[in-house]
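Visitor: Could you take me through this structure slowly, and show me how each descriptive word is earned?
Guide: Gladly; let us look at the picture together and begin with the meaning of a word.

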Amino acid sequence: MGEYGVTGKACLVTGAASGIGRATVRVLVADGARVLANDVNEIGLATLREELPEVGTVVGDVSSPADAERMVRAAVERFGRLDVLVANAGVIPLGSALETTVEDWDHVLAVDGRGMFLTCKYAIEAMLADEAGGSIVCVSSISGVAGQARQAAYGPAKFVASGLTKHLAVEWAGHGIRVNAVAPGTIRTEAVEAVAEQPGGAEYLATMKLAHPMGRLGEPAEVAAAIAFLAGERASFVTGAILPVDGGYLAR
Ligand SMILES: NC(=O)c1ccc[n+]([C@@H]2O[C@H](COP(=O)([O-])OP(=O)(O)OC[C@H]3O[C@@H](n4cnc5c(N)ncnc54)[C@H](O)[C@@H]3O)[C@@H](O)[C@H]2O)c1
């Protein structure tokens with residue numbers, strides 16, 4: 001068994017072209033997993049294939065039922081089965097309740113909420129097909145566990161990720177399917193670096209750094225390691241857990 005117990009496992013990682021998703025693909029592949037990487041960003045997936053030619057890619061939007069079903073089917077066609085889903089794809093807009101429009105709300109809930117539901121739904125269906133069980137890791141957030149300012153749509157969408165994790169864990173435990181989540185603090189990904197360019201973004205990031213007791217932002221590889229642990233056999237009796245990877249943020 002590799003470090004995380006994912007050797008030979010058939011994995012689908014959504015939102016894998018950058019940030020936490022890409023770092024997760026690296027860790028899973030290094031541990032001997034077989035990975036199909038999804039994203040809406042075709043160019044990002046092409047650079048991932050250059051870095052890791054053994055990784056398959058599938059372009060698709062997790063918020064679209066047809067695309068979500070197609071990406072799970074592509075994993076089953078490639079590997080003959082699906083053992084692991086890392087439901088990571090998401091958008092991270094900042095905005096207060098006054099700044100957030102109905103369109104913003106619908107978009108964030110469609111990608112971060114509905115997209116996570118749809119990929120879990122089709123993955124569970126695939127995992128049930130051979131009765132070998134499986135493991136799902138949803139990427140929630142500290143914003144899916146505690147309240148924060150200027151996350152009026154994103155924060156509630158991440159509560160969907162946390163809620164899905166707990167409900168699906170209970171619903172499918174009897175079928176050998178574990179469902180867990182990570183709750184990352186602020187992680188130095190492309191998306192977060194882009195926040196610095198938004199109005200008030202640099203100030204927000206400086207405040208967030210100080211809010212983490214460890215006094216720094218996290219690295220994508222630090223979240224990826226936690227995801228790989230929850231995905232693999234080392235976590236065989238862990239389900240319904242929401243693991244903070246946050247430098248102590250939620251411990252305050
Ligand atoms: N970076 C952080 O500080 C942080 C903290 C907590 C949680 N998260 C969560 O981690 C996940 C990854 O975020 P990240 O920081 O790596 O961001 P990122 O932007 O670097 O990566 C997200 C990826 O998802 C893809 N994506 C967006 N919409 C999609 C869709 N509809 N279908 C398929 N792919 C789509 C993007 O193209 C991108 O490649 C998100 O769910 C985010 O909410 C991030």
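Guide: In this predicted model, two helices are called oblique when their angle is neither under 35 degrees, nor over 145, nor in the range 65 to 115.

Visitor: Why are α1 and α8 called oblique to each other?
Guide: Helix α1 (residues 19-30) and helix α8 (residues 220-231) cross at roughly 55 degrees, with axes that come within 8 Å. An angle of that size falls in none of the named ranges, and α1 and α8 are therefore oblique to each other. Their crossing is right-handed.

Visitor: Which residues of α1 and α8 meet?
Guide: From α1 come Gly19, Ile20, Ala23, Thr24, Val27 and Leu28, and they meet Pro220, Ala221, Val223, Ala224, Ile227 and Ala228 of α8. Sorted by class, this contact of α1 with α8 holds 10 nonpolar residues, two polar ones and no charged ones.

Visitor: What makes α4 and α5 roughly parallel?
Guide: Helix α4 (residues 102-129) packs against helix α5 (residues 154-172) at an angle of about 15 degrees, and their axes are 8 Å apart. Since angles under 35 degrees count as roughly parallel, α4 and α5 are therefore given that description. The contact includes Trp105, Met116 and Phe117 of α4, and among the residues of α5 that take part are Tyr154, Leu164 and Trp172. By class, the contact of α4 with α5 divides into 16 nonpolar, one polar and two charged residues.

Visitor: Which residues join α3 to α4 in contact?
Guide: The axes of helix α3 (residues 65-79) and α4 come within 9 Å and cross at roughly 35 degrees, in a right-handed crossing. On the α3 side the contact uses Pro65, Ala68, Glu69, Met71, Val72 and Val76, while α4 offers Leu118, Thr119, Tyr122, Ala123 and Ala126. Nine of these residues are nonpolar, one is polar and one is charged.

Visitor: Which residues come nearest to the ligand?
Guide: Of the 30 residues around the ligand, those that come nearest are Asp39, Asn88, Tyr154, Ile187 and Thr189.

Visitor: How do you know that Asp39 makes a polar contact with the ligand?
Guide: A polar side-chain atom of Asp39 lies 2.5 Å from an oxygen atom of the ligand, and a pair of N or O atoms counts when it is within 3.5 Å. Ser18 also places a polar side-chain atom 2.8 Å from a ligand oxygen atom, whereas Asn88 uses a polar backbone atom, which is 2.7 Å from an oxygen atom of the ligand.

Notes: Residues are numbered from 1 along each chain as its sequence is written. This is a predicted model: local features need pLDDT of at least 70, side-chain atom pairs count only at pLDDT 80 or more; totals for chains, interfaces and linings use all residues. Side-chain values use heavy atoms; hydrogens and water are left out. Axes are lines fitted to C-alpha atoms, for helices over the stretch in contact, and angles run from 0 to 180 degrees between N-to-C directions. Helices (H or I, at least four residues) and strands (E, at least two) are DSSP runs, numbered from the N terminus. Contact means heavy atoms within 4.5 Å. Ala, Val, Leu, Ile, Met, Phe, Trp, Tyr, Cys and Pro count as nonpolar, Asp, Glu, Lys and Arg as charged, and the others, Gly among them, as polar. A residue is near a molecule or strand if one of its heavy atoms lies within 4 Å of it. A polar contact is a pair of N or O atoms within 3.5 Å; within protein, one must be able to donate a hydrogen and the other to accept it, and residues adjacent in sequence count only if both atoms are side-chain atoms. A crossing is left-handed if the near helix is turned anticlockwise from the far one by less than a right angle, and right-handed if clockwise.
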